[in-house]
Amino acid sequence: LFADALAAVPRAAAPIVLTTHEERNVRFYARAGFRVTADETLRPPRPAPYRVWSMRRDPPDAREAA
């Protein structure tokens, strides 16, 4: 389902960005062409601090040019 959604994005589309707080998801999204753009620990008053990764996947045309 995820691969089908990514394949449906027009080739000239803007980058896709996402965040995750599950470390195992970082590897999953990296296999789909995403790269980590930020890795931070959030410290809200409650609950306990937790880690968040921001990730980005450039449009196919931009990735091919790189």
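Which residue forms a salt bridge with Arg35, and how far apart are the closest N and O atoms? Let's keep that in mind while we walk through the model, which is a predicted one; the answer will come once the elements around Arg35 are in place.

Start with the overall layout. The protein chain has three helices and three strands, and from the N terminus on these elements follow the order α-β-α-β-β-α. Of its 66 residues, 23% are buried. If you take the contacts with a separation of 6 or more, 52% of them are between residues 24 or more positions apart. The accessible surface of the chain comes to about 5,000 Å², and carbon and sulfur atoms hold 55% of that.

Now turn to the sheet. The three strands form an open sheet in the order β1-β3-β2, and their pairing is antiparallel. The edges are taken by β1 (16-20) and β2 (35-42); each has a single partner strand, so one side of each is left without a neighbour in the sheet. From one strand to the next, the twist averages 15°. In general, the strands of a sheet pair through backbone hydrogen bonds, either parallel or antiparallel.

Take the two pairings in turn. Between β1 and β3, which run antiparallel, there are five bridges. On this side of the sheet, Leu18 stands opposite Met55 in β3, and Thr20 has Trp53 as its bridge partner in β3. Between β2 and β3, also antiparallel, there are seven bridges. Here Trp53 appears again, this time with Asp39 opposite. Trp53 is therefore a handy landmark when you trace the strands on screen: look for Thr20 as its bridge partner and for Asp39 standing opposite. The helix α2 lies across β1, β2 and β3, and runs at about 10° to β3.

With the helix and sheet in view, we can look at what is packed inside. The largest nonpolar core has seven residues: Leu6, Leu18, Val26, Tyr29, Phe34, Trp53 and Met55. Two elements, α2 (23-31) and β3 (50-57), give two or more residues to this core. The pair Leu18 and Met55, already met as opposite residues in the sheet, belongs to the core as well. Leu6 is another core member, and, leaving aside neighbours within four places in sequence, Leu6 is in contact with Ile16, Ala32, Phe34 and Arg57.

The N-terminal end of the chain offers a second view of this region. Phe2 sits in helix α1 (residues 2-7) and is partly exposed, with a relative accessible area of 29%. Not counting residues up to four places away in sequence, Phe2 touches Phe28, Tyr29, Ala32 and Phe34; of these contacts, Tyr29 and Phe34 are named in the core. Phe2 and Ala32 are 30 residues apart in sequence, while their C-alpha atoms are 8.9 Å apart in space. Ala32 is also in contact with Leu6.

Now back to the opening question. The structure holds three salt bridges, and the partner of Arg35 is Asp58, with the closest N and O atoms 3.7 Å apart. Arg35 lies in strand β2 and Asp58 in the loop between β3 and α3 (60-65), so this salt bridge ties together parts that are 23 residues apart in sequence. Arg35 is partly exposed, at a relative accessible area of 43%, whereas Asp58 is buried, at 19%.

Asp58 has another partner too: Arg56 forms a salt bridge with Asp58, and there the closest N and O atoms are 2.6 Å apart. Arg56 counts as partly exposed, with 29% relative accessibility. Through shared partners, Arg35, Arg56 and Asp58 are joined into one network of salt bridges.

One more salt bridge is found within the sheet, where the side chains of Asp39 and Arg51 meet at 2.6 Å, N to O. Asp39 is in strand β2 and Arg51 in strand β3, so to speak a link between distant parts of the chain, twelve residues apart. Both residues are partly exposed: Asp39 has 40% relative accessibility, and Arg51 has a relative accessible area of 37%. Asp39 is worth a last look, as this residue both stands opposite Trp53 in β3 and shares a salt bridge with Arg51.

Conventions. Residues numbered from 1 in each chain as written. Predicted model: local features only at pLDDT ≥ 70, side-chain atom pairs only at ≥ 80, totals over all residues. Heavy atoms only, no water. Core = buried A, V, L, I, M, F, W, Y, C linked by side-chain atoms within 4.5 Å. Buried < 20%, exposed > 50% of the residue type's maximum accessible area, 1.4 Å probe, protein only. Helix = DSSP H or I, 4+ residues; strand = E, 2+ residues; numbered from the N terminus. Contact = heavy atoms within 4.5 Å. Pairing = 2+ DSSP bridges. Axes fitted to C-alpha atoms, helices over the stretch in contact; angles between N-to-C directions. Salt bridge = Lys/Arg side-chain N within 4 Å of Asp/Glu carboxyl O. Areas by Shrake-Rupley, 256 points an atom, 1.4 Å probe, with all protein chains shown as cover.
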